[in-house]
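Here is a short briefing on one protein chain. Read it alongside the sequence and the model.

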Amino acid sequence: MDTKYLDLLAEKYDCEEKVATEIINLEAILNLPKGTEHFVSDLHGEYHAFQHVLRNGSGNVKEKIKDLFKEELSQNEFNEFATLVYYPEEKLQLVKKTFESTQLLNQWYVKTIERMIKLTAFSSSKYTRSKVRKALPEQFVYIIEELLYKTDELTNKKEYYTKIINRIISLGQASKLITGLAYTIQRLVVDHLHVVGDIFDRGSHPEKIMDTLMNYHSVDLQWGNHDVLWIGAYAGSKVCLANIIRICARYNNLDIIEDVYGINLIPLLNLAEKYYDDNPAFRPKLNSDDRISENEKLQITKIHQAISMIQFKLEMPIIKRCPDFKMAHRSLLEKINYTHQTISLNGKTYALKNTCFATVNPDHPEQLMKEEEQVIEKLLFSIQHSEKLARHMNFLIGNGSLYLKYNGNLLIHGCIPLNEDGSMKKMMIMGKEYSGKGLLDLFENYLRYSCAHPEVSDDFATDMVWYLWTGENSSLFGKKEMTTFERYFIENKETHVEQKNPYYQLREREETCRKILSEFDLDPDEGHIINGHTPVEEINGENPIKANGKMIVIDGGFSKAYQSKTGIAGYTLLYNSYGMQLVAHQRFTSKEDVLLKGTDVLSVKRLVDRELRRKKVLETNVGKKLLEQIAVLNDLLEYRYTLM
């Protein structure tokens, strides 16, 4: 090992005893039970539902309360205490109003603090004291540690502990302590969070989800197709930018663009007002609680048309300069007969309806008008200079990847492109064939290159980011073609069908999943594929646990738009030292319902895989890093010995 590195390390561990102590500490940690992993997917901007699942640890908090206090709490007390752990600030405000005297409130404080301390101790039982200390509220670390690690309580120190709690209450700090303990418990019940794609899309608050994740104690992200679209726009892809604005217009979410991220849409609105009218195909899809005026609805409809036509035009040059994409059949604006308002697709001619081609030059349909060029340039400048978007995108890029190998499992949002026979589908890129893991690695390399060069808008890297959104061999799209144009303009629904990659049928087979795990150098006997992207239609009997447990699909419909199709409101997955449990969630109504009625999202757990023996930190990704650190410290010990 490089002696310069060892010399630097020796400055931190400046005596043999310190090195030995650290080795002993790390080796001891290796023998602790592995921490609980929490998997979520396809959040689609549904901030409130996500927050609740995060706060209750997919039912993990309630399980620990039940295990600890099952003989002590009534059902009502149980629900009240659980709600206090989920939403401490709000619940404390409600609780205070129920007591007629300060004395009764103080008695409640004493009992509640004692229960919170017990639950904190129970939740932290498999962690080192050092790790627990980092999870505690900073201002109460000393006090909580004294209460957590009680000794000699029944004799010498009983009055000591009682005095601590009473003094906390008399100094008006009880609410702050309870709040701090509640958030500590939330943190301790989940050691690490995996977000398996699609933070962005239909829901109204993806930015709040991003803020939450940026402040979460331990998290990784696997990019979904919608996430990559936002990354692409920030990285300089104009066609990705057009897509995110189109989708926001379609679902009445332009507030995200304009108000949250400060993107000026006035130039686009001016263009839209000049060239477009009302059009039923482009009216925004509204939720039952949306309240917008007819004038606002008309403005969105016009914006929706304007940005859609810019998008269709921007796609065409990419298709032409990237023959490896094999998307010539998707250069749709040049397949239109503008006189007869028809289009030729796959040897058939279809009538077009609700057309809005006022800005299209039939002789050069891919050509942007000067006004359109100016609009998209202004939008790109605006999105790349949004400070808040920059923070969110840099976090998404820095903590994310197309796939992740973690603790023996493969986490991927979309698919591994396959042929009908189960072999890895090959894609020719610049004279070389790629498939499986190699193809995904190539996609990610181009995406990261594009992010590193945001000043470039029309190179092969930005083209590849767009291909990830819409290409046949994309691991994120997973379909033969995206029929957005057809759904806007063609009534015949046979043109709307988006044929899925064979992966989505073949993932039902254990043989296929084992082959994929081997492709990614994972043990097919021990590993699982954890997948999002396609909502599982549980209402129709579809099972999210496939291929004898090798495939677990956790997109169950966080997004309200999918819940009528899935019959539930999302799946999450828990993986602790004992094994894996899939959790199916019912629809989250509101935080107010939880606070006032004590109701919770009903969660049904299913065992996926039970460990034959309890899994230790030694067998995890964290354990691998600790072993590497131990090896370096042993080298340091030997190096110090040679210098003596």
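Contact here means heavy atoms within 4.5 Å. By that rule, and leaving out residues up to four places away in sequence, Asn 501 touches Ile 416, Pro 417, Leu 418, Lys 425, Gly 478 and Lys 479. The model is predicted.

**Overall fold**

- The chain holds 27 helices and 17 strands.
- Its radius of gyration is 28 Å, which agrees with the value near 26 Å for a compact globule of 644 residues.
- The C-alpha trace spans about 95 × 70 × 45 Å along its principal axes.
- Of the 644 residues, 55% are buried.
- Among contacts with a separation of 6 or more, 72% join residues 24 or more positions apart.

**Surface and charge**

- About 29,200 Å² of the chain is exposed, and carbon and sulfur atoms supply 48% of that area.
- The chain carries 82 positive and 90 negative charges.
- The mean positions of these two sets of charges lie 3 Å apart.

**Buried loop residues**

- Asn 501 sits in the loop between helix H22 (484–489) and helix H23 (503–506).
- Asn 501 counts as buried because its relative accessibility is 6%, and the cut-off for buried is under 20%.
- His 528 belongs to the loop between helix H24 (510–519) and strand E12 (529–531).
- With 5% relative accessibility, His 528 is also counted as buried.
- The His 528 side chain makes a polar contact of 2.9 Å with the side chain of Asn 409.
- Beyond its neighbours within four places in sequence, His 528 contacts Gly 408, Asn 409, Leu 410, Leu 517, Gly 549, Lys 550, Ile 552, Met 580 and Asp 609.
- Leu 333 lies in the loop between helix H17 (294–321) and strand E4 (336–337).
- Leu 333 is buried, at a relative accessible area of 2%.
- Residues up to four places away aside, Leu 333 touches Met 309, Phe 312, Lys 313, Met 316, Tyr 338, Pro 365 and Phe 485.
- Leu 333 and Val 360 are 27 residues apart along the chain, with their C-alpha atoms separated by 8.4 Å.

**A strand residue**

- Arg 606 is part of strand E17 (residues 603–610).
- Its relative accessible area is 26%, so Arg 606 is partly exposed.
- Not counting residues up to four places away in sequence, Arg 606 touches Glu 538, Asn 543, Pro 544, Ile 545, Tyr 571, Met 580, Gln 581 and Leu 582.
- Arg 606 and Ala 584 are 22 residues apart in sequence, and 8.3 Å apart from C-alpha to C-alpha.

**Positive phi outside glycine**

- Met 430 is not a glycine, yet its phi is positive, at about 50 degrees.
- Met 430 falls in the loop between strand E10 (427–429) and strand E11 (432–434).
- Is Met 430 buried or exposed? At 58% relative accessibility, Met 430 counts as exposed, since the cut-off is over 50%.
- Asn 548 is not a glycine either, and has a positive phi of about 55 degrees.
- The loop between strand E13 (545–546) and strand E14 (551–553) contains Asn 548.
- Asn 548 has 69% relative accessibility and so counts as exposed.

Notes: Residues are numbered from 1 along each chain as its sequence is written. This is a predicted model: local features need pLDDT of at least 70, side-chain atom pairs count only at pLDDT 80 or more; totals for chains, interfaces and linings use all residues. Side-chain values use heavy atoms; hydrogens and water are left out. Helices (H or I, at least four residues) and strands (E, at least two) are DSSP runs, numbered from the N terminus. The radius of gyration is taken over C-alpha atoms; the globule rule is 2.2 Å times the number of residues to the power 0.38. Buried means under 20% relative accessible area, exposed over 50%, partly exposed in between (1.4 Å probe, protein chains only). Accessible areas come from the Shrake-Rupley method with a 1.4 Å probe; for residues, only the protein chains shown count as cover. Lys and Arg count as positive and Asp and Glu as negative; His and the chain ends are not counted. The place of a charge is taken as NZ of Lys, CZ of Arg, CG of Asp or CD of Glu. A polar contact is a pair of N or O atoms within 3.5 Å; within protein, one must be able to donate a hydrogen and the other to accept it, and residues adjacent in sequence count only if both atoms are side-chain atoms.
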